[in-house]
Amino acid sequence: MSLLEAAKAVRENAHAPYSNFKVGAALRTSAGVVHVGCNVENIAYPEGTCAEAGAIAAMCASGEREIAEALVIADAPLPVTPCGGCRQKLAEFSGPDVKITMMTMGGESLTMTMAELLPGAFGAAHMENT
Ligand code: THU
């Protein structure tokens, strides 16, 4: 299944009664496996989770740790870029050249690398004195 098909399909399962903004995310691992996630909101608003976080959790639960590419889709006027927190979560498992594609349901598409999405990311190199 393509990342686009997978992200579109899982977006239907989003639990977004507060924002009414359904998001689907799909990622392919270096082993070629696709994992998906959708946003899951909560009446205690800060407890909601993003689609990207769901896909990353599914990947980790399956025992994988390496993202090869990812795609996020929402019904938006312009491609939805991952929030700051999700950029950091994606960077944990994506090298700087990994491509993240952002799409609208209307077919507009924007692809950026991990390094472009999170320049100057905090990473393992910062902790080398510990
Ligand atoms: N959201 C995501 O799931 N991923 C993004 O990249 C942007 C925002 C969700 C969080 C919340 O449930 C809703 O979209 C509105 O912010």
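Modeller: A molecule sits in a pocket if more than half of its atoms lie within 2 Å of the grid points of that pocket, and in this predicted model the ligand sits in the largest pocket.

Biologist: Which residues surround the ligand there?

Modeller: The ligand is surrounded by twelve residues if one reads the list through, among them Ser19, Phe21, Asn39, Ala51, Glu52 and Cys83, and by class this shell has 7 nonpolar, 3 polar and 2 charged residues.

Biologist: What makes the approach of Glu52 to the ligand a polar contact?

Modeller: A polar contact needs a pair of N or O atoms within 3.5 Å, and a polar side-chain atom of Glu52 lies 2.5 Å from an oxygen atom of the ligand, so the pair meets that cut-off. For Asn39, an N or O atom of the side chain is 3.0 Å from a ligand oxygen, while Ala51 brings a backbone N or O atom to 2.9 Å from an oxygen of the ligand. The protein covers 77% of the 370 Å² of accessible area that the ligand has on its own.

Biologist: How do you know that Cys60 is in no disulfide?

Modeller: A disulfide requires two cysteine sulfur atoms within 2.5 Å, and because the closest cysteine sulfur to that of Cys60, in Cys86, is 13 Å away, the distance is too far for a bond. Cys83 is in no disulfide either, since the nearest cysteine sulfur, that of Cys86, is 3.8 Å away.

Biologist: Why is Cys83 called partly exposed?

Modeller: Its relative accessible area is 37%, which falls between the 20% under which a residue is buried and the 50% over which a residue is exposed, so Cys83 is partly exposed.

How values were computed. Residues numbered from 1 in each chain as written. Predicted model: local features only at pLDDT ≥ 70, side-chain atom pairs only at ≥ 80, totals over all residues. Heavy atoms only, no water. Near = heavy atom within 4 Å. Polar contact = N/O pair within 3.5 Å; in protein donor to acceptor, adjacent residues only side chain to side chain. Areas by Shrake-Rupley, 256 points an atom, 1.4 Å probe, with all protein chains shown as cover. 1 Å grid on protein atoms, 1.4 Å probe; cavity = no way out; pocket = protein on both sides within 12 Å on 5 of 7 lines; lining within 4 Å. Nonpolar A, V, L, I, M, F, W, Y, C, P; charged D, E, K, R; others polar. Buried < 20%, exposed > 50% of the residue type's maximum accessible area, 1.4 Å probe, protein only.
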